[in-house]
Amino acid sequence: MSEPVRSIHPEAEFARYLADGRFMLQRVVSTGETVFFPRVAQPGTGKDDLEWVEAAGTGTLYSFTVTRNKPPAADYVIALVDLAEGARMMSRIVNCDPATLWIGMPLRAHVGEVDGTPAVLFTPEKIQS
Amino acid sequence: MTGFARGRAAVVGAATYGMDSKPGFSAIELLAKASFAAIADAGLVPSQIDAVFSTLPEDPFSAMSVPEYLGIRPRLVENSRTGGSAFQIYAMWAALALDAGLCDAVLICYGSNQRSGAGGLVRSASIPFPYEAPYKPRNPTTSYALAAKRHMHQYGTTREHLAEVAVAARKWAQLNPDANMRDPLSIDDVLNARMVSDPLTVRDCCLVTDGAAAVVMTRADRARDLPNKPAFLLGAADATWHRNISTSADVTVTAASEAAPRAYAQAGIGPADIDVVELYDAFTINTILFLEDFGFCAKGEGGPFVADGAIAPGGRLPVNTNGGGLSCVHPGMYGLFTMVEAVTQLRGAAGDRQVEDARIALAHGNGGVLSSQAVTIWGTADTV
């Protein structure tokens, strides 16, 4: 296991990790709590002993909506995902039939792209091989 | 809760302008038309206004540009930019500032040409949130759809319940000659309309219109000497829990659940005392969430509460009697229009949509994506 990396410039560092294909979360060293979205200090406490840790990559679906588009533009699923670490984030559910999605279903994260921008995306856990 | 200037300030003038979206006006021109009309309605002249609390959608410096345009040199300005709830917050500060003697006559005003203005939907200058923007949410609709979907999951709320809200708003709009959408609308019409962002169809979403509104507030003693029946501010409170929907701890509960009890405590009333409710219905789910959060029903029971025409004309609770953001007007920020309608109802000047013997009205503003919530309670002279 590599040395913990302290979080100094949260927004830029998160984006850099993402560009390298890594989904990283902030953790408060003294308490082990997870912070997302990345900040210079833990919201509500101001604790700034934050380090980067690799996300477990698992979560559950909290809510979702199918954003409808005029063809040929494709519809897409925007979701709120509860991460295993306890944080919630917005994402997209990809490689799925929207009709098969259900709130509470397990999801798996990967780093992909949305229109050329690196982003954490999710797929339904069961279709992961 | 003590300390609020209960009943010590009132709206004495109110006006709207340009709700029918005639092309050719800039936002500040629409704002000025409504403002001068509200000042005249109050029986005052512009030189008697010494405080201007204003928002324009795209002008971060409207606190200066609005007084400049109107030819007023205010002693006091306010420009909280919480979106659609800003105007309730202005009313709260206006009452406190008037009561403290910081000023004598406050103009609260807003204008937008977002429908007729060049380039279609006018967007207020807000910084994209780096942890949502890459996913291309189509806000505000995406955020409200996420709340609606979760509410349906958690409480069994149905698309029919959402449609009831749109139909009730339309029935009120049909009684309001100034409303934009007055064609008949059925539950099936809403359900079968074009899906925008599941579970919301285009008929679950507010209108995109132009419009301006303005009100003038003075201290209560002066209000009684002016030509209109005053609407006294009995309580006002706001609360802010988040900016972006992904940071909301529970998208089925809003900060209105915290603001409303504080406003009730100031006013010395409860939900059962309210004769007419003007709430910020940018989407059909809003009405259900806010009726719950205001305490008209328990959390999760908003769907059944609005069923069977319960908030339509002739129902158990008059809600959004002008037709709301869904059918009357929605020029980007709708909050001031709920206050104008509350004042109109308390004056007894609402024509065919008048709620009989309306004495206490709730006027609510919602800003951002269920983010900032502000609740004002207004009453006639006998409630003070």
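Colleague: How many residues of domain 1 of chain A are in contact with domain 2 of chain A?
Modeller: This is a predicted model, in which local features need pLDDT of at least 70 and side-chain atom pairs count only at pLDDT 80 or more, while totals for chains, interfaces and linings use all residues. Residues are numbered from 1 along each chain as its sequence is written, and chains are lettered from A and ligands numbered from 1 in the order in which they are written. Chain A is divided into domain 1 (5-54) and domain 2 (58-127), with bounds that come from an automatic or database domain assignment. Taking a contact as two C-beta atoms, placed from the backbone, within 7 Å, the eight residues of domain 2 that take part are met from domain 1 by eight residues.

Colleague: How do the residues on the domain 1 side of that contact divide?
Modeller: Ala, Val, Leu, Ile, Met, Phe, Trp, Tyr, Cys and Pro count as nonpolar, Asp, Glu, Lys and Arg as charged, and the others, Gly among them, as polar. By that scheme, the side of domain 1 of chain A that touches domain 2 of chain A has five nonpolar, two polar and one charged.

Colleague: Which order do the elements of chain A follow from the N terminus on?
Modeller: Helices (H or I, at least four residues) and strands (E, at least two) are DSSP runs, numbered from the N terminus. Chain A has one helix and nine strands, and its elements run β-α-β-β-β-β-β-β-β-β.

Colleague: Which element of chain B gives the most to the side that touches chain A?
Modeller: The two chains meet through 20 residues of chain B and 20 residues of chain A. On the chain B side, at least two residues come from each of α4 and β5 (195-197), and the greatest contribution, six residues, is that of α4(B).

Colleague: Why can helix α9 of chain B be called largely enclosed by the rest of the structure?
Modeller: A residue is buried if 20 or more other C-beta atoms lie within 10 Å of its own, exposed if 12 or fewer, and partly exposed in between, with C-beta atoms placed from the backbone. The buried residues of α9(B), among them B:I288 and B:F290, pack against α4 (141-155), α5 (159-173), α8 (256-267), α10 (302-306), α11 (324-327) and β10 (360-367) of chain B. The helix, residues 284-293, is largely enclosed because its buried residues number 10 of the 10.

Colleague: Which helix supplies the largest share of the largest nonpolar core?
Modeller: A nonpolar core is a set of buried Ala, Val, Leu, Ile, Met, Phe, Trp, Tyr and Cys residues joined through C-beta atoms within 7 Å. The largest one holds 162 residues, of which B:V106, B:I108, B:V216 and B:M217 touch the most other members. Its largest share, 10 residues, comes from chain B, residues 86-99, which form helix α3.

Colleague: What radius of gyration does chain B have?
Modeller: Chain B has 12 helices and 11 strands, and its C-alpha trace spans about 50 × 45 × 40 Å along its principal axes. The radius of gyration is taken over C-alpha atoms, and the globule rule is 2.2 Å times the number of residues to the power 0.38. For 384 residues a compact globule would come near 21 Å, with which chain B agrees, its value being 19 Å.

Colleague: What percentage of the residues of chain B count as buried?
Modeller: In chain A, 30% of the 129 residues count as buried. In chain B, with its 384 residues, the share is 62%.
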